[in-house]
Amino acid sequence: MKIVTGLLAAVLLLAAMGASHAAVRIADDRGGRIGTYVDRYQDLRSSGETVVIDGLCASACTIVLGAIPHDRICVTSHATLGFHAAWDFGSGGRAITNPEATQMLYSMYPTQIRRWIARRGGLTPRMIFLRGRELQTMYRPCYMDAQAASGRAVPAPAPATPAALRSNSLSRY
């Protein structure tokens, strides 16, 4: 009986360790509506999972940097972060910069990211990219790039229809 109890305790301990080391992989995420990403990352923050950035994380995807604790984010050699100003659809469906949403977005980022953005002229309609060694000085490298490939991927939200985008008051980023 002691052996069965010991085995059960060992299995439960291993299961708990596995859950605490769960990782969510972000790759090839081009962003979308700010509100969608804020909601998603609040849930992810609550889960306690680690985030592995292993490819493109652009636009609203970069909200992850402010939503998830710094020590729960790692980057692979493939990681690229893309930043630009938030925008809305204007008359005729043209994209126009939304200064209030851009400021809100900028304020979500950690200080180190805000400084990096400021040195490059701030958030503008033009995309700026943070990658490579410069990114790995700000976030810890993932232990192994191969390990990142095996993590659970966070799917990007389904693209909204043009009608839904026009009716939504949340800015895009």
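This report describes the fold, strand pairing, helix packing and aromatic contacts of a predicted protein model.

## Overall composition

The predicted model contains eight helices and 10 strands. Of the 173 residues in the protein, 38% are buried, and the exposed surface comes to about 9800 Å², with carbon and sulfur atoms supplying 59% of that area. When contacts between residues at least 6 apart in sequence are considered, 71% of them join residues at least 24 apart.

## Strand β2 and its neighbours

Strand β2, which covers residues 50–53, has both of its faces covered: Thr50 and Val52 are buried on one side, and Val51 and Ile53 are buried on the other. Strand β1 (residues 23–26) pairs with β2 in the parallel sense over four bridges, and within this pairing Val24 of the protein stands opposite Val51 in β2. Strand β4 (residues 73–75) also runs parallel to β2, to which it is joined by three bridges; here the bridge partner of Ile53 is Val75 in β4.

The connection from β1 to β2 passes through helix α2 (residues 34–47), and the three elements together make a right-handed β-α-β unit.

## Helix α2 and its packing

Helix α2 has 14 residues, which at 1.5 Å a residue should span 20 Å, and the C-alpha atoms at its ends are indeed 20 Å apart, in agreement with that expectation. The buried residues of α2 are Ile34, Gly35, Tyr37, Arg40, Tyr41 and Leu44, and the buried residues of this helix pack against strands β1 and β2 as well as against α3 (64–67) and α4 (99–108). Just after the helix, Gly48 takes a positive phi of about 80°.

An α-helix has 3.6 residues a turn, so residues three or four places apart point the same way. Tyr37 and Tyr41 fit this spacing, as both lie in α2, four residues apart, which is about one turn of the helix.

## Aromatic pairs

How many aromatic pairs does the structure hold? There are four aromatic pairs in the structure. In one of them, the ring centres of Tyr37 and Tyr41 are 5.9 Å apart and the planes are at 55°, so the pair is tilted; both of these tyrosines are buried. The ring centres of Phe83 and Trp116 are 5.7 Å apart with the planes at 50°, so this pair is tilted as well. Because Phe83 lies in strand β5 (residues 80–83) and Trp116 in helix α5 (residues 111–119), the pair ties together parts that are 33 residues apart in sequence.

Both Phe83 and Trp116 are buried, and ring pairs link these two residues with Tyr109 into a cluster.

## Strand β5 and its partners

The strand that carries Phe83 is covered on both faces, with Thr80 and Gly82 buried on one side of β5 and Leu81 and Phe83 buried on the other. Strand β3 (residues 56–58) pairs with β5 in the parallel sense over three bridges, whereas β5 and strand β8 (residues 128–131) pair in the antiparallel sense over four bridges. Gly82 takes part in both pairings, being the bridge partner of Ala58 and standing opposite Phe129 in β8.

## Loops after β1 and β3

Two consecutive residues in the loop between β1 and α2 have contrasting environments. Asp28 lies in this loop and counts as exposed, because its relative accessibility is 62%, which is over the 50% cut-off. Its phi is near 55°, a positive value in a residue other than glycine. Asp29 has its place in the loop between β1 and α2, yet with 2% relative accessibility Asp29 counts as buried, the cut-off for burial being under 20%. Asp29 and Thr62 are 33 residues apart in sequence, while their C-alpha atoms are 9.3 Å apart in space.

A positive phi also occurs at Ser59, where the value is near 60° in a residue other than glycine. Ser59 lies in the loop between β3 and α3, and this serine is buried, with a relative accessible area of 2%.

How values were computed. Residues numbered from 1 in each chain as written. Predicted model: local features only at pLDDT ≥ 70, side-chain atom pairs only at ≥ 80, totals over all residues. Heavy atoms only, no water. Buried < 20%, exposed > 50% of the residue type's maximum accessible area, 1.4 Å probe, protein only. Contact = heavy atoms within 4.5 Å. Areas by Shrake-Rupley, 256 points an atom, 1.4 Å probe, with all protein chains shown as cover. Pairing = 2+ DSSP bridges. Right-handed = clockwise from strand over helix to strand, strands pointing away. Expected span 1.5 Å × (residues − 1). Phe/Tyr/Trp six-rings, centres within 6.5 Å; stacked < 30°, edge-to-face > 60°.
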